Every structure is written in structure tokens, then in C-alpha cells.
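This report describes a single protein chain for readers at the bench. It begins with charged side-chain pairs and then turns to an annotated site, one helix and some backbone features.

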Amino acid sequence: MSLVKPLRLLLLGAPGSGKGTQTSRLLKKIPQLHSISSGDLLRQEVKNKSEIGSIASSYISQGKLLPDDLMAKLVVTNLKQSGWLSPDATWLLDGFPRTSIQAEILNNDLQNYKAELNLVVELDVPESVILERIENRFVHVPSGRVYNLQYNPPKVPGKDDVTGESLTKRSDDTAEVFGKRLQQYKSTLAPLKEYYANKGILETVSGETSDIIFPKLYDLVKRKFGAH
Ligand code: G5P
Ligand code: MG
């Protein structure tokens, strides 16, 4: 699909709701789309043993959110370095902003470039199906590609389909940390949704599986931004 106007999309959703999965599918369908996942950025920092990485690893393994200003700086710097702070750029954010303070900081920065978010989609997936998904998740940290042993297993066990490099488990993909992440998500969601509802750009798509959600998400983007 080609878009008739720039799309700047935020995907909201509980841990394991399929933000990364939907991002990969959209990237395949919309050639001009780019994406940034705040969690992937942090995991790369941890892997590279950077200063931010050493701060991030303890927050992540405890299922706690990093400070708002640090997250905003990390993501906005990345947008800038990628050359996407322009009114013509089309991109999506996965996992940031996830507090209303982060949303305000981001909005102030994007306003300076006339590149504010113009669509926010909440992925609404029943809690009951999520835990099993992440207990079976393996990730390829350099690319952010995700696998699930049942749902989308790698072609060669333990290896990334594209690079052949080893897959790893996330430190926060345990039942205990998942519980904390879910609580955290619920406690910040209402003000965040209100922030974007007030801007008139909030939509929700619901479903038990990513296969049910994707066509709804794709149709929504097509209806609002697409040519064909
Ligand atoms: P992240 O990395 O942003 P979460 O917790 O928001 O992490 P997560 O876990 O990455 O979100 P997801 O991307 O929504 O989940 O889900 P996914 O990876 O696509 O799918 C989950 C699994 O299910 C995969 O194995 C996939 O293959 C499988 N799957 C998908 N669809 C289906 C299906 O239909 N059926 C089945 N059976 N399986 C399916 O954040 C991590 C941490 O980083 C910090 C925090 O510490 C956070 O906890 N952080 C931030 N801190 C502060 N502010 C921010 N903005 C921060 N962003 C990150
Ligand atoms: Mg993810």
C-alpha cells in the first residue's frame, strides 16, 4: 500500500499484546514506513554494555519503567539521527510514549518539527492469552525480530531466520516479572489514552490473536492514510 499522507503512528498495548508482531507486518505492507521500538532500543543498549544499558537492565529485569526524561531523550535522539523529524516522514513508535508525561514531552518536541503523531492505536488483547505467548518468546536483539515456539517458530530452532544468529530469551519474560509489567501498564494507560483521545487520534482494535487484529489495523490505516 502507498500512503497519500504521512503516517505517524503509536501502537499501544499490554506486554505481549503483539506490538512488535503488528509492527513487522505493517513494515512488510507499507514500504515507506519506518519503526522505533523503545524496548528494542533499550535491549540494544544493554547488549552493547553502554551507560544507558547498565541503567536499563535493572529496570527491565524488575518490570519497572525507566525515567520519563531519559526515555524521551533516547527515542527523540533516535528519531533525529534517523532523519525522521520532518513533516513528510512516515514512522511508527512501539512502546513509547507509555506515560502521559512522556506523551507531553514527545508532543512538545514533535511540534517543533511539525511532525506530531496523527494516529494512536490501542491493541486490545485479553489478558488470559498473553502470559503463554511471552513464556514461549525468543528474540533476535539486533533486529528486534520476535518468535514464538508455537505461533511463529524460527525455521531453524534457536536461530534468527534472516541472519542465522542466535536467539535469546528476554530477562523480563517470566511469570513474575510479566505480572509487574502488566500492573505497570494498567496504571499508566488511562491518562495516556485520555491524552490522545482529547487530541481526537485514539482508536482501538480488539482480538484474541494477531491474525484477527492485523486486518483491522491495516484497514484502519488504509481508510485514514492509504491510496490503495
Ligand atoms: P517493551 O520491549 O516495550 P512490552 O512489555 O511493552 O515490552 P512486549 O513484551 O515487547 O511489550 P509486544 O511487542 O506487544 O510485547 O508483543 P510481541 O513481541 O509482538 O508478541 C509477544 C509474543 O507473542 C511473541 O513471541 C509473538 O511471536 C507471540 N504472538 C504474537 N501474536 C500471537 C498470537 O496471535 N498468538 C500466539 N500464540 N502468539 C502470538 O518494554 C520492555 C521494558 O523496557 C522498558 C520497561 O522496563 C519495559 O518493561 N521500557 C520503558 N520504560 C519506560 N518508558 C518507556 N516508554 C519504555 N519502553 C520500554
Ligand atoms: Mg515488543
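## Salt bridges

Eleven salt bridges are found in a search of the whole structure. The model is a predicted one. Three of the pairs are set out below.

| Pair | Closest N to O distance | Accessibility class |
|---|---|---|
| Lys193 and Glu122 | 3.0 Å | Lys193 partly exposed, Glu122 buried |
| Arg137 and Asp173 | 2.8 Å | Arg137 buried, Asp173 buried |
| Arg170 and Asp172 | 3.1 Å | Arg170 buried, Asp172 buried |

The closest N and O atoms of Lys193 and Glu122 are 3.0 Å apart. Lys193 belongs to helix α7 and Glu122 to strand β4 (residues 119-124), so this pair ties together parts of the chain that are 71 residues apart in sequence. Glu122 has a relative accessible area of 8% and is buried, while Lys193, at 24%, counts as partly exposed.

The salt bridge between Arg137 and Asp173 also links distant parts of the chain: Arg137 is in strand β5 (residues 137-140) and Asp173 is in the loop between β6 and α7, 36 residues apart. Arg137 and Asp173 are both buried. Arg170 and Asp172 meet in a further salt bridge, with an N to O distance of 3.1 Å, and these two residues are likewise buried. Through shared partners, salt bridges join Arg137, Arg170, Asp172, Asp173 and Arg181 into one network.

## The annotated binding site

Which residues does the UniProt annotation "binding site" cover? According to this unreviewed entry, they are Gly16, Ser17, Gly18, Lys19, Gly20, Thr21, Arg137, Val146, Tyr147 and Ser210. Although these positions span 195 residues in sequence, no two of their C-alpha atoms are more than 14.5 Å apart, so they gather at one spot. From this set, Gly16, Gly18, Lys19, Gly20, Thr21, Arg137, Val146, Tyr147 and Ser210 contribute to the lining of the largest pocket.

Two members of the set may be placed in their secondary structure. Gly20 lies in helix α1 (residues 19-29) and counts as partly exposed, at 29% relative accessibility. Val146 is found in strand β6 (residues 145-148) and is also partly exposed, with a relative accessible area of 23%. Beyond its neighbours within four places in sequence, Val146 is in contact with Thr21, Arg137, Phe138, Val139 and Asn152. Thr21 and Arg137 are themselves among the annotated binding-site residues.

The unreviewed UniProt entry also lists residues 137-172 as "domain: Adenylate kinase active site lid". Over this stretch the chain is 0% helix and 22% strand, and the C-alpha atoms at its two ends are 11 Å apart.

## Helix α3

Helix α3 covers residues 51-62, and Gly53, Ala56 and Ile60 are buried in it. Viewed down the axis of α3, its buried residues fall within an arc of 65°, so they line one face of the helix. An α-helix has 3.6 residues a turn, so residues three or four places apart point the same way. The buried residues of α3 pack against α2 (38-47) and α7 (175-198). On the other side of α3, Glu51 and Ser54 are exposed.

Both ends of the helix can be described as well. At the start of α3, a side-chain oxygen of Ser50 comes to within 3.5 Å of the backbone nitrogen of Ile52. After α3 comes Gly63, with a positive phi near 70°.

## Backbone features in loops

Where does the cis peptide bond between Phe96 and Pro97 place its proline? Pro97 is located in the loop between β3 (91-94) and α5 (100-111), and the omega of the bond is about -5°.

Positive phi values also occur in residues other than glycine. Lys49 has a phi near 55° and lies in the loop between α2 and α3; at 74% relative accessibility, Lys49 counts as exposed. For Lys114, phi is near 50°. Lys114 lies in the loop between α5 and β4 and is exposed, with a relative accessible area of 62%.

Conventions
Residues are numbered from 1 along each chain as its sequence is written. Chains are lettered from A and ligands numbered from 1 in the order in which they are written. This is a predicted model: local features need pLDDT of at least 70, side-chain atom pairs count only at pLDDT 80 or more; totals for chains, interfaces and linings use all residues. Side-chain values use heavy atoms; hydrogens and water are left out. UniProt positions are given in the numbering used here, feature names are shortened, and annotations may be inferred rather than shown by experiment. On a 1 Å grid over the protein atoms alone, a cavity is a set of points where a 1.4 Å probe fits but cannot get out, and a pocket is an open set with protein on both sides within 12 Å along at least five of seven lines; lining residues have an atom within 4 Å of a point. Helices (H or I, at least four residues) and strands (E, at least two) are DSSP runs, numbered from the N terminus. Buried means under 20% relative accessible area, exposed over 50%, partly exposed in between (1.4 Å probe, protein chains only). Contact means heavy atoms within 4.5 Å. The arc is that of the directions from the helix axis to the C-beta atoms. A polar contact is a pair of N or O atoms within 3.5 Å; within protein, one must be able to donate a hydrogen and the other to accept it, and residues adjacent in sequence count only if both atoms are side-chain atoms. A salt bridge is a side-chain nitrogen of Lys or Arg within 4 Å of a carboxyl oxygen of Asp or Glu.
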